[in-house]
Amino acid sequence: MAARNLIDVDDVSPAELVALLDRAATYSETSPGRDLLAGVPVLNLFFESSTRTATSFTLAEQRVGADVISFAPGASSLGKGETIADTAITLHAIGVRIIVVRHPESGFPRRLAESFDGHIVNAGDGTHAHPTQAMLDLMTLRNEFGSFTGLRVAIVGDILHSRVARSNIVGMRMLGIDVTLVGPRTLLPDSFEAPGVRIERDLDAVLPEVNAVMMLRIQRERIVSGLLPSLDDYTRRFQLNRDRLRRLRHDAVILHPGPYNRGIELTDDVLEDPRSRYVVQVHNGVFVRMAVLAFLAAPAYAA
Ligand code: CP
């Protein structure tokens, strides 16, 4: 049987996704110990900068006993013209069994997986997918609300360029969460509408209706590229700030994948608000990543 990969959330079934979140919750209370992946060589291959994902994968790998290899891809022979396929074959021959990869190009992890005889874990590729981020967001939501039944979540901002939004939409729909996407037409085309996925342009109208609001980072280059007229216009319509916090339910939570831009998609008031769960999200990331590694490669794992 071919080795399993995690390129996006739907590489696991809904039942496997729930089991994986259960496993992550268990690990958050009791460490599985270093025998779980003892001696399994795991390579972290980050072609793009990362604070949260790279650090928490490394910690997760160490906590399950893997042999962790962190490699600066600038030093790889891809730069000398070695193909992705040859790189994958070479890394497996050396002994690597799991590659955790981040790359600015959408589809790079999939291409690596085509020639790699171990497991590929996507740590974020271009605008395509970021499955472990979505899973840690789902873990945070379930911890908060106890289940996914009846949950309504708004995702706000640059949906078009967001791998976090794409993977969350996939995962939330697998679990029956009702998703509302909010943003300007240039960053949220009507084509995102789907069963269970609604598009709204008026954030003020959406905030009182949802159990959670996920704010996305706005990149300044969207102004330069003409997708936004100005940051002032964006913040006026879509920034979560003190005034808009009053519209949010008292029992709702605020998520952000990080890194956030203070003063653009949110203000300091939001980060200081008791409903903000950013710190919980990053904390949960380690347990979700331990569970993903165990799911893919631990012989004793039973989903
Ligand atoms: N959320 C996230 O992917 O953050 P990093 O880019 O720091 O890994």
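**Exercise 1. Determine whether Gln 281 is buried or exposed, and find the side chain that it contacts.**

Solution. Begin with the accessible area: Gln 281 is buried because its relative accessible area is 1%, where buried means under 20% relative accessible area, exposed over 50%, and partly exposed in between, with a 1.4 Å probe and protein chains only. Next, place the residue: Gln 281 belongs to helix H12, helices (H or I, at least four residues) and strands (E, at least two) being DSSP runs numbered from the N terminus. Finally, look for a partner: the side chain of Gln 281 makes a polar contact of 2.8 Å with the side chain of Asp 137. A polar contact is a pair of N or O atoms within 3.5 Å; within protein, one must be able to donate a hydrogen and the other to accept it, and residues adjacent in sequence count only if both atoms are side-chain atoms.

The model is predicted, so local features need pLDDT of at least 70 and side-chain atom pairs count only at pLDDT 80 or more, while totals for chains, interfaces and linings use all residues. Residues are numbered from 1 along each chain as its sequence is written, and side-chain values use heavy atoms, with hydrogens and water left out.

**Exercise 2. Locate Arg 277 and describe the polar contacts of its side chain.**

Solution. First, the position: Arg 277 sits in the loop between helix H11 (268-272) and helix H12 (278-297). Second, the accessibility: with a relative accessible area of 16%, Arg 277 is buried. Third, the contacts: the side chain of Arg 277 meets that of Glu 144 in a polar contact of 2.7 Å, and a polar atom of the Arg 277 side chain also lies 2.7 Å from the backbone oxygen of Pro 274.

**Exercise 3. Work out which strands pair with S8, and which way its side chains point.**

Solution. Start with the strand itself: in S8 (residues 212-215), Ala 212 and Met 214 point one way, Val 213 and Met 215 point the other way, and all are buried. This can be set beside the general rule that in a regular strand the side chains alternate between the two faces of the sheet. Then take the partners, remembering that two strands pair if DSSP finds at least two bridges between them. Strand S5 (residues 152-156) pairs with S8 in the parallel sense over four bridges, and in this pairing Val 156 stands opposite Met 215. Strand S9 (residues 253-255) is joined to S8 by three bridges, again in a parallel run, with Val 253 of S9 opposite Ala 212.

**Exercise 4. Establish how many residues of strand S4 are buried, and which strand is joined to S4.**

Solution. Count the covered residues: seven of the seven residues of S4 (residues 119-125) are buried. Then find the neighbour: strand S3 (residues 98-103) runs parallel to S4 and is joined to S4 by five bridges, with Ile 99 standing opposite Ile 120 in S4.

**Exercise 5. Identify the surroundings of the ligand and the polar atoms that approach it.**

Solution. List the neighbours: Ser 50, Thr 51, Arg 52, Thr 53, Arg 102, His 130, Gln 133, Pro 257 and Gly 258 surround the ligand, a residue being near a molecule if one of its heavy atoms lies within 4 Å of it. Consider the side chains next: a polar side-chain atom of Ser 50 lies 2.6 Å from an oxygen atom of the ligand, and one of His 130 lies 2.8 Å from an oxygen atom of the ligand. The backbone contributes as well, since a backbone N or O atom of Pro 257 lies 2.9 Å from a nitrogen atom of the ligand. Taken alone the ligand exposes 260 Å², of which the protein buries 92%, the areas coming from the Shrake-Rupley method with a 1.4 Å probe.

**Exercise 6. Describe the setting of Ser 147 and its contact with the backbone.**

Solution. Place the residue in the loop between helix H5 (131-145) and S5. Ser 147 counts as partly exposed because its relative accessibility is 29%. A polar atom of the Ser 147 side chain lies 3.1 Å from the backbone nitrogen of Thr 149. Across the chain, Ser 147 and Leu 175 are 28 residues apart in sequence and 9.6 Å apart in space, C-alpha to C-alpha.
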